[in-house]
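Trainee: I would like to learn how labels are given to parts of a protein model. May I ask about the reasons behind them?

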Amino acid sequence: MLKDYIALTKPRLTRLNLFATFGGFMVASKWSVDWLLLLYVLIGSALTVSCSCVINNYYDRELDRLMGRTKDRPLPAGRMNPNTVLIYGIVLGVSGLAVLFLLVSPLVGWLCLLGMFVYLVIYTMWLKRSSTWSTSIGGISGAMPPVLGYCAVIGEIDAGAWLLFAIMFLWQPAHFWSLGIRRVEEYRKAGFPLLPVIKGVHRTKLQMIPYIVLLIPSSIALFTYGHVGYYYLVIAVVGAAIWLWHTITGIKAADTDKWAKTNFIISINYLMITFFVMVLNTTGTA
């Protein structure tokens, strides 16, 4: 039972979001760290991300039964009661927002609430079931974690916050569409209008390209505005160029499944490496 409660929070996704929150916090603090504030931000973020994942599981439980990747989750497999899961998600969300509003700042609390609204209402309840724009617009919520960490320190939404938002926002479509291409028939069967399902795999490959291209000037701007040093600049730009090259090769790839798997792995490594270097190479440590 405990294992199922944990699984509902999608631990891997939660960890990725916390890593991004930590990165934004460190960029803003420049290694002059208020460790108690950092702890509150991470606790609040963990609880609210977990809440969003739990309620997403609750709302998608019927469709999850139709996909091999998700049919063994606690709800579609019948191991948990839906009402119990919904209450669990609400408790996590209220607790997390209380931590952010009361122990971090109202600004961070409102930004988190906005991200949750986009993810649960705009993405999960509406666009995921009706539009190919679900991934792009849903990316607004996925781009919030580093902004929360950054604004917890700075106390306002400035250029640095917008650039961190842009980097996370632009990273997501090519990442998720790589997975979508590999699972396109599962998504088709379940009735999700994902881009590769509606517009086709070739169109999806082409549409990844501008997002990755825009990662390069966004990373350069983060350096130009003095938030990171030269190490980050070089690794972020070179990494994006490598990812872009591999994405372009996918247009004529003979084995699309193999290409999509590699592209997905590159995207994960790109985010983890660049955020790790971002933390180490803030302007306070350059």
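Trainee: What makes Asp60 and Lys128 a salt bridge?

Mentor: Keep in mind that this is a predicted model. The closest N and O atoms of Asp60 and Lys128 are 2.5 Å apart. The cut-off is 4 Å, so the pair counts as a salt bridge. The structure holds eight salt bridges.

Trainee: Why is the pair said to tie together parts that are apart in sequence?

Mentor: Look at where each residue lies. Asp60 is in the loop between α3 (35-59) and α4 (61-64). Lys128 is in the loop between α6 (106-126) and α7 (134-142). The parts are 68 residues apart in sequence, so the pair ties them together. Both Asp60 and Lys128 are buried. They are also linked with Arg129 in a network of salt bridges.

Trainee: How do you know that Glu185 and Arg188 form a salt bridge?

Mentor: Their closest N and O atoms are 3.2 Å apart. The limit is 4 Å, so they qualify. Both lie in helix α10 (residues 184-190), three residues apart, about one turn of the helix.

Trainee: Why is Arg188 called partly exposed?

Mentor: Its relative accessibility is 39%. Buried means under 20% and exposed means over 50%, so Arg188 falls in between. Arg183 has 29%, so Arg183 is partly exposed as well. The side chains of Arg183 and Glu186 meet in a salt bridge, at 3.3 Å from N to O.

Trainee: How many disulfides does the structure hold?

Mentor: Zero. A disulfide is a covalent bond between the sulfur atoms of two cysteines.

Trainee: Why is Cys51 not bonded to Cys112?

Mentor: The sulfur of Cys112 is the closest cysteine sulfur to that of Cys51, yet it is 8.6 Å away. A disulfide needs 2.5 Å or less, so this is too far for a bond. Cys53 is in no disulfide either, as the nearest cysteine sulfur, that of Cys51, is 8.9 Å away.

Trainee: What makes Cys51 and Cys53 buried?

Mentor: Cys51 has a relative accessibility of 3%. Cys53 has a relative accessible area of 2%. Buried means under 20%, so both count as buried.

Trainee: Which residues make the nonpolar surface patch?

Mentor: Val234, Ile235, Val238, Ile242 and Ile273, with about 410 Å². Helix α13 (residues 230-249) gives the largest share, four residues. Ile273 lies in helix α14 (residues 256-280).

Trainee: Why can Ile273 be part of a patch?

Mentor: Ile273 has 45% relative accessibility. A patch residue needs over 30%, so Ile273 passes that test.

Note on methods:
Residues numbered from 1 in each chain as written. Predicted model: local features only at pLDDT ≥ 70, side-chain atom pairs only at ≥ 80, totals over all residues. Heavy atoms only, no water. Patch = residues over 30% accessible without salt bridge, like charges linked within 9 Å, V, L, I, M, F, W, Y side chains within 5 Å. Areas by Shrake-Rupley, 256 points an atom, 1.4 Å probe, with all protein chains shown as cover. Helix = DSSP H or I, 4+ residues; strand = E, 2+ residues; numbered from the N terminus. Buried < 20%, exposed > 50% of the residue type's maximum accessible area, 1.4 Å probe, protein only.
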